[in-house]
Amino acid sequence: MSLVGDQIWFIALGWAAARTGDPRQAALVMTAASVPRAVLILLGGTVADRYGPLRVTLASQTLRAALMLAFAVAVVTASAPHLWLLIGVALLFGALDAAHMPAAAALPPALLQPRQLPAGQGLVQTLERTATVLGAPLGGILVAAGGPGLAAAANAALFTAALLLLRSLRLRVRPQPDEPENPREKENLFASLWTGLRYGATTPVLGPVLLVVTTLNLALSAPLNVGVALLAENRGWNATGFSLVISGFGIGAVAGALLLVALPPARKPAVTGLRWVAAGAAFVALLPFVPGLPLAAVAAAGLGFTSGPAGALLLGVVQANTSHAYLGRVMALVSFSALGLVPVSYTVFAVMVERFSLHAAFGACAIAEIAATGVALGTRSIRAATTPREDPADRHHPA
């Protein structure tokens, strides 16, 4: 419900921004929605570790619901949303998202056994894709029926319902026997943030896997969102063709994630996930060469089918091998690689297209994935990485 609400909000905000009539003002509103999330998300992970992921998730979800309700009231009482109102709400929602995303991402290890985390991530990815498919058209229907005020009111209801479900959770978070002490009370937030960054970079399994996850995010975002759009323009597919190719990727990703849920847990999840990454790199390199729109959609579906298990397995390994005291900060790193570095990916991709060719830009992204995969597979800790069949804490703290 919360994910559907997020999609509705961005549709409503984009429509309200476009109604200002000034492209620069519209861009300013959308920038205000994305910049706080990218800038503050690492600090949000630190807050989640200090105060507990469930507590931060509940607090941020409560504030998000209140913000949507206040925006709905403000829109109803005004003839049209003023620019300052849109910018203010966009900034606040982005800042709350920066706290909400890493805290919510840190919850699965407290709900599942380590061996269940890859499949759990597959289910999460399926829900995220489904929410995107459902939320975007629902947002359009709500905006068309009652404007951004109705969409915000619907969001407030969805966020409140999600909040009630979250309040029913009973987490089983307990420190593991070999878990390092978390200096929550000894460091300020910024020092704690640096400690978390150092932990993610120096932990034997986490460092290489986070490198691959970051490369995967960077190497997929630009080809899908920029490269496919350029392909559609060059080949005369127009917006319909672009949406068909992107839909193919989404359908493939859902199918791949569901396959992972259905399969038994992998004995070597990190190695298996890296093999899926390598297979996906082949589809990235292939995509600009396939002739015709239907085959391009099939290639995109193949890319999605490999990306679903790859992301779920690698994120499951990350969560299973992260001490509870650092989960928020580590998941904030993952989110930052998916959100904060996307403009860098777009810029580099565009430069490669301009200086070389579109085919070369796709090929460079595929090579980057292969290179990161090779580095990870060459690391002994990755080849040996597993997800324990049970939480070590369960053997020392019987229920």
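Helices here are DSSP runs of H or I, at least four residues long, numbered from the N terminus. Keep that in mind for Leu314, a residue of helix H11, where this tour spends a good while. One caveat before you start clicking: the model is predicted.

**Stop 1: the whole chain**

Switch to cartoon and colour by secondary structure. You'll get 16 helices and zero strands. Of the 399 residues, 50% count as buried. Turn on a surface next: about 18,000 Å² is accessible, and carbon and sulfur atoms own 68% of that. If you like contact maps, take the contacts between residues at least 6 apart in sequence: 86% of them join residues at least 24 apart.

**Stop 2: the largest nonpolar core**

Select Val209, Val212, Val284, Leu314, Val318, Phe349 and Phe362 and show them as spheres. Within the largest nonpolar core, which has 51 residues, these touch the most other members. Now colour the helices that feed this core with at least two residues each: H8 (206-235), H9 (238-262), H10 (269-286), H11 (293-320), H12 (327-339), H13 (342-355) and H14 (358-377). Which helix gives the largest share of this core? That's H8, with 13 residues.

Zoom in on Val209. Skipping neighbours within four places in sequence, Val209 is in contact with Leu314, Val317, Val318 and Ile382. There is also a second, separate core of 24 residues; Trp9, Leu13, Phe71 and Ala156 are among its members.

**Stop 3: H11 and Leu314**

Back to H11, and a quick ruler check. Its 28 residues should span 40 Å at 1.5 Å a residue, and the C-alpha atoms at its ends are 40 Å apart, so the two agree. H11 is mostly covered, with 22 of its 28 residues buried.

Pick Leu314. Is Leu314 buried or exposed? Buried means under 20% relative accessible area. Leu314 has a relative accessibility of 1%, so Leu314 counts as buried. Show its surroundings, again leaving out neighbours within four places in sequence: Leu314 is in contact with Val209, Val212, Val213, Ala270, Gly273, Leu274 and Val277. Draw a C-alpha to C-alpha distance to Val213 while you're there. The two residues are 101 apart in sequence, yet 7.2 Å apart in space.

**Stop 4: Phe289, out on a loop**

Slide along to Phe289, in the loop between H10 and H11. The exposed class starts over 50% relative accessible area. With 54% relative accessibility, Phe289 therefore counts as exposed. Beyond its neighbours within four places in sequence, Phe289 is in contact with Arg235 and His359. Ala299 sits 10 residues from Phe289 in sequence and 10.0 Å from it, C-alpha to C-alpha.

**Stop 5: H7, a helix with two faces**

Select residues 189-202, which make up helix H7. The ruler works here too: 14 residues at 1.5 Å each should give 20 Å, and the end C-alpha atoms are 20 Å apart, so that agrees. Colour Ser192, Leu193, Thr195, Gly196, Tyr199 and Gly200, the buried residues of H7. Look straight down the axis of H7: the buried residues fall within an arc of 160°, so they line one face of the helix. On the face turned away from that buried side, find the exposed residues Phe190, Trp194, Ala201 and Thr202.

Both ends are worth a close-up. At the start of H7, Asn188 brings a side-chain oxygen to within 3.1 Å of the backbone nitrogen of Phe190. At the other end, select Thr203, in the loop between H7 and H8. Thr203 has a relative accessible area of 18%, so Thr203 is buried. A polar atom of the Thr203 side chain lies 2.6 Å from the backbone oxygen of Tyr199.

**Stop 6: Thr57, a buried side chain with polar contacts**

Finish at Thr57 in helix H3 (residues 53-77). Its relative accessibility is 1%, so Thr57 counts as buried. What does the side chain of Thr57 reach at 2.6 Å? The backbone oxygen of Pro53. A polar atom of the Thr57 side chain also lies 3.4 Å from the backbone nitrogen of Ala104. Widen the selection, not counting residues up to four places away in sequence, and Thr57 touches His100, Ala103, Ala104, Leu107 and Leu166.

Key. Residues numbered from 1 in each chain as written. Predicted model: local features only at pLDDT ≥ 70, side-chain atom pairs only at ≥ 80, totals over all residues. Heavy atoms only, no water. Core = buried A, V, L, I, M, F, W, Y, C linked by side-chain atoms within 4.5 Å. Buried < 20%, exposed > 50% of the residue type's maximum accessible area, 1.4 Å probe, protein only. Contact = heavy atoms within 4.5 Å. Expected span 1.5 Å × (residues − 1). Arc of directions from axis to C-beta. Polar contact = N/O pair within 3.5 Å; in protein donor to acceptor, adjacent residues only side chain to side chain. Areas by Shrake-Rupley, 256 points an atom, 1.4 Å probe, with all protein chains shown as cover.
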